[in-house]
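Work through the exercises below with the structure open beside you. Try each task before you read its solution.

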Amino acid sequence: ASFTISLRTVDNITVTIKVRPGVLMGCQIRVKNFFRSELKIKPGDNVTFTFACSTPEKYFIMEIQKNIDCVSGPCPFGDVHLYPPGLPRLNRTFIWDVKASTKAGLELKFSTPWLRQIEPGEMCPDFVSYNINSCIDKATVNIGTFCRNGSVSRVKLLGGVILSLHLPWNSPLTTSGFNIANRASIKRLCIIESILKEESSITLMSPNYPLGFPEDELMTWQFVIPSSMRASVFFHNYSLSNCERKEERVEYYIPGSLSNPEVFKLSDSQPANIAGSFNLSLQGCDQDAQNPGILRLLFQVVVQHPQVDENVTHLVDLSKEWNMTVTIHFEGWPSRIPVMSEPICLICKDPRTCDRVQTLVSGAIYKISFLCKDLSRLRITAEKGISCVDLRWCQRKIYSLLVPKAITQLPIQLHKFIWKLLAPDLINIEITSPSLKLQQHVPEQRCNTSYSYSIVGATPETELNVGVFCPGGSIEKIQMRNNVTISLKTFGKGFVNESKHQDLKMSFVPHIKDECSFTVSPNPKAKVYLQTPNWPYGLPPYVSISWYVVVPSKQVARLAFSKDRMGIACETGRAYVNIKEETVGAEETVRREDELLPEPRNMYHDFWVNVSNCKPVDKTQLTLQFRVTLADKQIDLGVILAVVAGAGVLMAIGLTVCCVKKKKKKSQNPMVGVYNANVNTQVPGKQGLFTKGRKNNESHVYAVIDDAMVYGHLLKESNGSVSPEVDVYRPFDGPIGSLPPSPPPLSFRKDIKRTSNTEEPPPVTDTDHDAYTFAHQKSGQSEDIGDTNEKNNGDTSTSLLENKEQDGLVE
């Protein structure tokens, strides 16, 4: 098809058709019998042309520029038309270059649906965009790029203007969408008017963004808002230039304010909850010629209805807190930035100081209010630091790791409370939970509370993630050698009630041996699951971890590992598992990484489990899990019978002695006890209770005989007088076995009397009616039940601290 473009001289329009940038030449323009790659049609020309291809829009673009002189002649006020008609369907750019005096600026008025400013490089949804430039003398300032469907209704400019309208080749738009309203002196770079009738959010930028606002210039944004609405301003991105004179600032003119204009720095929190229309101005400064810097600003204005509870204030008293910050923020902060169009939740320190995020510091009192339809979208994150410099002073102090009531009373969910515990060299940290104790969150025993603690230790080389813990377990104490971060995280709404019973505490203690040490005190009939830190990634190289498990005196603990081997190979050093009971003469069980882990076993006293890592040969790290199960100790029937028999023998001896005394009184002859080696007094007991026993003879029983048969010669020497009773002892020369020569302690006999008529407790087994089985345990594998006839049933184990003091581990 052929096209004819006829331009009148009076219109002062130039049409240029040229090749699209970055496209290889694949088509030409034919004018008469000549082919060319570019065609320029000037005012007064009449040109007919065709394209030598069927899709010229792929290869060519068109510029239509109209020059308007408002300096030497009258300005063509009114609507600006798209002229000339009959243009080919190419990507078009209409350019209006309007010359005007700086004493009489120009006003461009846009028809609905008005304009929306976009950042450089951003594309409009319909690919229709406006670009506005201000021309002052020979300088050009880019006011901004705009799409349709926005709030910008008018733009006033000082001096001339160059406005460009970009249309795609298939756009149905037939009007320019703006008019030249009038001329007026504004004495500033520009004024941008924005009309916001309903709840909305708009983003605006300073001229020349992001390259920099002109030096020592002033511009204004006018926001037209219904008096029934509330507006808030937020600066999202700004930078400052290097000023030699004056100061960069923003000024607000708010109707009804007692201090117009209200002046703010760009770094200040900007006004919020403004009722009705207001103006915002940006003032530059005289810049350093050698290093001018860049002044730029991107900001957001949010308009919403007044909130029902905007006048409700919440007192947050942090005046007695130390080294603590409280941040109130939207859900997902700081990783997620809310979309500009999302409904906004504002936190206000006072009626006009509001923001999406507010940080409160210790030592002050705040009156917080909320401009938000849904407070469930808000969260609280707090952080508190505790440090120790002099152990002599801070070792005497116990710190309570509790969430202050000033936080829990707010109508917002606590997301996280972080304690950063700092300890210098040779000073370590001890974490305790005296009443609730802690449970380690493991796959076999998950936490189901409304909150949990994540404990991380910071070593010079790496972090040691000790694990996740919740209240209601068996761990009384955790000691760590390095700085510690404890993060309390909440789940659901139950934390407000459960937080009243928190009892987590910490203190500073002298240097400990291992990187981390646990003290575990299981409840009766409890099952405790424990695993190495940094699960499931494994212990760091050369790290040593210990567990001290307290076993009640009348119970036995069953220790079992979840797998047969450690599962690592060492490149440097060796990895060890050490197990030892806290009792005199106890043997230590040691296993290396290339050996099988100990079989399940019974532990009758408090015991240690220590895991020491090497440097593994590959990426596989050391991960171990074990469980401790408590049950009542067995009381052997043979021991009961032996005690009863022993009591019977003593009673028989007592009766015999009484009979002898009566006989002595009757015969008036002194009686004497003589050792007889032919009487058997073996205490009846369970067959096979001890491996060795006394022979079945009567060689160690005393018999009572007449005194005169043995001491007759003494009676004769005393002229028949009765001599005092004399005991004669003959040493026992027969064999002696393993049976204790003395009866059991009195306390044990009392226990026997109380339990002799009760049913014998069931034996301690590995299953103990427990449906749980470790994932790596082989089916059918037998377990060592252990010796149930423990000799030290009544012993009480010493505490961890007492044993450390005896071993010289506590300084």
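**Exercise 1. Place Arg245 and its salt-bridge partner.**
Task: Is Arg245 buried or exposed, and in which strand does its partner Asp286 lie?

Solution. The model is predicted.
- Step 1. Arg245 has a relative accessible area of 56%. The cut-off for exposed is over 50%, so Arg245 is exposed.
- Step 2. The side chains of Arg245 and Asp286 form a salt bridge, at 2.6 Å from N to O.
- Step 3. Arg245 sits in strand 21 and Asp286 in strand 26, so the salt bridge ties together parts 41 residues apart in sequence.
- Step 4. Asp286 has a relative accessible area of 11%, and is buried.

**Exercise 2. Examine the disulfide that also involves strand 21.**
Task: What is the handedness of the disulfide of Cys243 and Cys285, and which parts of the chain does the pair tie together?

Solution.
- Step 1. The sulfur atoms of Cys243 and Cys285 are 2.0 Å apart. A disulfide requires them within 2.5 Å, and this pair forms one.
- Step 2. The torsion about the S-S bond is about -85°, so the disulfide of Cys243 and Cys285 is left-handed.
- Step 3. Cys243 lies in strand 21 (residues 243-245), and Cys285 in the loop between strand 25 (278-283) and strand 26 (286-287). The pair therefore ties together parts 42 residues apart in sequence.
- Step 4. Cys243 is partly exposed at 33% relative accessible area. Cys285 is buried at 1%.

**Exercise 3. Describe two further disulfides.**
Task: How many disulfides are counted, and where do Cys124 and Cys147 lie?

Solution.
- Step 1. The count is nine disulfides.
- Step 2. Cys124 and Cys147 form one of them, with sulfur atoms 1.8 Å apart. This link is left-handed, with -90° about the S-S bond.
- Step 3. Cys124 is in the loop between strand 11 (115-118) and strand 12 (129-136), while Cys147 is in strand 13 (residues 139-148). The two are 23 residues apart. Both Cys124 and Cys147 are buried.
- Step 4. Now take Cys570 and Cys614. Their sulfur atoms are 1.9 Å apart in a disulfide. With -85° about the S-S bond, the link of Cys570 and Cys614 is left-handed.
- Step 5. Cys570 lies in strand 48 (residues 570-572) and Cys614 in the loop between strand 52 (607-612) and strand 53 (615-616), so parts 44 residues apart in sequence are tied together. Cys570 and Cys614 are both buried.

**Exercise 4. Classify two aromatic pairs.**
Task: Which geometry does the pair Trp221 and Phe299 have, and which does Phe469 and Phe518 have?

Solution.
- Step 1. The model holds 23 aromatic pairs.
- Step 2. The ring centres of Trp221 and Phe299 are 4.8 Å apart, and their planes stand at 75°, so this pair is edge-to-face.
- Step 3. Trp221 lies in strand 19 (residues 218-224) and Phe299 in strand 27 (residues 293-304), so the pair ties together parts 78 residues apart in sequence.
- Step 4. Trp221 is buried at 0% relative accessible area, and Phe299 is buried at 0%.
- Step 5. The ring centres of Phe469 and Phe518 are 6.4 Å apart, with planes at 35°, so this pair is tilted. Phe469 is in strand 40 (residues 463-471) and Phe518 in strand 44 (residues 516-520), 49 residues apart.
- Step 6. Trp221 and Phe299 belong to one aromatic cluster that also includes Phe223, Phe235, Tyr252, Phe264 and Phe278.

**Exercise 5. Map an open sheet.**
Task: What is the strand order of the four-stranded open sheet, and which strands stand at its edges?

Solution.
- Step 1. The order is 1-6-3-4, with antiparallel pairing.
- Step 2. Strand 1 (2-6) and strand 4 (34-36) are the edges. Each has a single partner strand, so one side of each lacks a neighbour in the sheet.
- Step 3. Neighbouring strands of this sheet are turned by 35° against each other on average, direction ignored.
- Step 4. Strand 1 and strand 6 (residues 46-51) run antiparallel and are joined by five bridges. Ser2 has Thr50 in strand 6 as its bridge partner.

Note on methods: Residues numbered from 1 in each chain as written. Predicted model: local features only at pLDDT ≥ 70, side-chain atom pairs only at ≥ 80, totals over all residues. Heavy atoms only, no water. Buried < 20%, exposed > 50% of the residue type's maximum accessible area, 1.4 Å probe, protein only. Phe/Tyr/Trp six-rings, centres within 6.5 Å; stacked < 30°, edge-to-face > 60°. Pairing = 2+ DSSP bridges. Axes fitted to C-alpha atoms, helices over the stretch in contact; angles between N-to-C directions. Salt bridge = Lys/Arg side-chain N within 4 Å of Asp/Glu carboxyl O.
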